[in-house]
Amino acid sequence: MLWQAIGAVRDLGRLHDIASVLIRYGFGDLVRRIGMAGALERAGRALHWHEPEELARLEPPARVRRALEELGPSFVKLGQILATRVDLFPAEWIAEFSKLQDAAPAIPFTELLPQLTEDLGEPPEAIFPRLEMQALAAASLAQVHRAWLADGTAVILKVRRPGIRPIVEADLRLLARLAEIVEAEAPELRRYRPREVVRHFTLSLRRELDFSAEGRSAERIAANFAAHPEIVVPRIHWPWTGGRLNVQDYVEGIAGRDLAAVDAAGLDRRLLARRGARAVLKMMLADGFFHADPHPGNVFYLPDNRIAFIDFGMVGRLSEERRYQLAVLLHGLVSHDAEKVAEVLLDWSGGAQIDSETLQPEIDAFVDQYHGVPLKNLDLGAMLSDLVAILREHGLALPPDLALLIKAFITLEGLGRQLDPDFDMAGEAAPFLEQVLLAHAAPGALVWRGWRALRDTLALVAGLPQDLRQLLRAARRGKLLVQVEVLPLKHFGDRLDRAASRLAISVVTAALIIGSAIVMTVEREPGLPSFGLLGFIAAVIGGIWVLFSIWRGGKG
């Protein structure tokens, strides 16, 4: 299985590390079931199956989180993506994944210097008269140093760690293969959609490795807030920004976690909460391009109650249709319209098999429990979490863009309530929801959607004759193929193929025994008895292989 999937021997070492960590944290059964153990044993790699007693006592969410931390940068990032999948994991798992901090020891500046000089095109001191060699912050993919331009402007240099990309790419290759095997060999884990999660994670991590993409995201959001001086986005210095280096203005303010400093500076907590909420709601519902990780570490409070957002490595995108659906959902929750809520959830489920007769009463009961609750007392974050839990119970998963948005929405409400315990998220969201709904129903929007639907229909009708000609031509040539995949039949075929292989080895083994016995009886030719002995040894090996494969098949 896994052995055949490994395309390069260079990944074997990393595969051994992953298997060893999983075994150490009590996931040895998973290692066996997906074939990692067999692959490594055939490669001559020994695995130690002892599980420390202390780790065995940990709850599964904590064990998984500890294993991800030990597996390194790519897996820490994977855990952070999993923390956004409130539709797949219950609250205790999300809480553990949220503890994963993207922190790492800083490497000496001298190790960064050759790459930094190459990216700048000249020595750093030629551009930055003053540069702090002590890292301001260090994470798994990059570390940050503060510097000053010739005109005195304070900037930060976000430098990608040298040699990190090959490590990340190896992890992504292995994760993709493991996800395929997990879906095939561990049916109880399919509901977590490992291939979809890994695909989304791969796109996100590769985008995060490109620091110029982060710069473009920051500029796009800054342009959207050009008329809002209360929102600050650091300016990107493009002459020196590229794939491995991001140079941007240094933001000097109060960190989002330091509420005591906010009070000491005389800032207005309530105003900060409202401005922060309106900024993120504008990104989500008006612009369709939002900061996907607005936690306190990425927010700074500035004089005059201004707010600065930093670190745009993780951003989300929402199409106009998605924004409308989200507005309908939230408006349905606020206005206690269970039918609208259920309709949106069914749209989001796509082609998934779902019992709508069971889902509808649950949503009715869920929405009804908030009937009569004043708008300012509604906890939208908690409502969304409970609603997603209903989806999870029905085996439904949100599209990745919406999962990211809901997690950001819940984080935002938590940040607002830290600043102001009476923070009214529903009240702040209401004007944006109404704006989206009104824009969707505007005459111009209706005309545009009607014209687009008509255009698509005409294109489909116009292309129909050509499609039919191609279909008939393929049928005449005998090249028309109808592919039907029956998964149980495929599984049966695989088992039949393994049985045939065992039978073939058994026949060869029997032939070796008979042939060797005949050869051993011949005494006239020197060396023939030795040749017969070799045949017996080969027969024993073949017999052991057959017995081992039968035992493995029984265990699987």
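Here are some exercises on the structure above, each with a worked solution.

**Before you start**

This is a predicted model, where local features need pLDDT of at least 70, side-chain atom pairs count only at pLDDT 80 or more, and totals for chains, interfaces and linings use all residues. Residues are numbered from 1 along each chain as its sequence is written, and side-chain values use heavy atoms, with hydrogens and water left out.

**Exercise 1: Getting an overview**

Find out how many helices and strands the chain has, and what share of its residues counts as buried.

*Solution.*
- Step 1: Start with the elements. Helices (H or I, at least four residues) and strands (E, at least two) are DSSP runs, numbered from the N terminus. The chain has 23 helices and eleven strands.
- Step 2: Turn to burial. Buried means under 20% relative accessible area, exposed means over 50%, and partly exposed lies in between (1.4 Å probe, protein chains only). Of the chain's 556 residues, 43% count as buried.
- Step 3: Look at contacts, meaning heavy atoms within 4.5 Å. Among those between residues at least 6 apart in sequence, 67% join residues at least 24 apart.

**Exercise 2: Tracing a sheet**

Work out the order of the four strands in the open sheet, and name its edge strands.

*Solution.*
- Step 1: Recall the pairing rule: two strands pair if DSSP finds at least two bridges between them.
- Step 2: Read off the order, which is 5-10-9-7, with mixed pairing. The edges are strand 5 (231-232) and strand 7 (254-255), each of which pairs on one side only.
- Step 3: Check strand 5 against strand 10 (residues 306-309). Two bridges join them in the parallel sense. Valine 232 has alanine 308 as its bridge partner in strand 10, and isoleucine 231 stands opposite isoleucine 307 in strand 10.
- Step 4: Move on to strand 9 and strand 10, which run antiparallel and are joined by four bridges. One partnership here is that of leucine 302 with arginine 306 in strand 10.

**Exercise 3: Looking into the turn**

Strand 9 and strand 10 form a hairpin. Find which residue in its turn has a positive phi of about 65 degrees, and decide whether asparagine 305 is buried or exposed.

*Solution.*
- Step 1: Look between the two strands. The hairpin has three residues there, and aspartate 304 in the turn is the one with a positive phi of about 65 degrees.
- Step 2: Find asparagine 305, in the loop between strand 9 and strand 10. Asparagine 305 has a positive phi of about 60 degrees, although it is not a glycine.
- Step 3: Use the burial cut-off. The relative accessibility of asparagine 305 is 14%, so this residue counts as buried.
- Step 4: Try another loop residue. Aspartate 311 lies in the loop between strand 10 and strand 11 (315-317). The relative accessible area of aspartate 311 is 32%, so this residue is partly exposed.

**Exercise 4: Classifying ring pairs**

Explain why the pair of phenylalanine 89 and phenylalanine 97 is edge-to-face.

*Solution.*
- Step 1: Set out the rule. Rings of Phe, Tyr and Trp (its six-membered ring) pair if their centres lie within 6.5 Å; planes under 30 degrees apart count as stacked, over 60 as edge-to-face and the rest as tilted.
- Step 2: Apply the rule. The ring centres of phenylalanine 89 and phenylalanine 97 are 5.3 Å apart and the planes are at 85 degrees, so the pair is edge-to-face.
- Step 3: Compare tryptophan 93 with phenylalanine 97: with 6.0 Å centre to centre and 45 degrees between the planes, this pair is tilted. Both residues lie in helix 8 (residues 91-98), four residues apart, about one turn of the helix.
- Step 4: Put the picture together. Ring pairs link Phe89, Trp93 and Phe97 into a cluster. Phenylalanine 89 and phenylalanine 97 are buried, and tryptophan 93 is buried too.

**Exercise 5: Pairing a covered strand**

Find how many residues of strand 6 (residues 245-249) are buried, and which residue in strand 6 is the bridge partner of isoleucine 156.

*Solution.*
- Step 1: Count the buried residues: five of the five in strand 6.
- Step 2: Follow the bridges. Strand 4 (residues 154-160) and strand 6 run antiparallel and are joined by five bridges.
- Step 3: Pick out the partner of isoleucine 156, which is glutamine 248 in strand 6.
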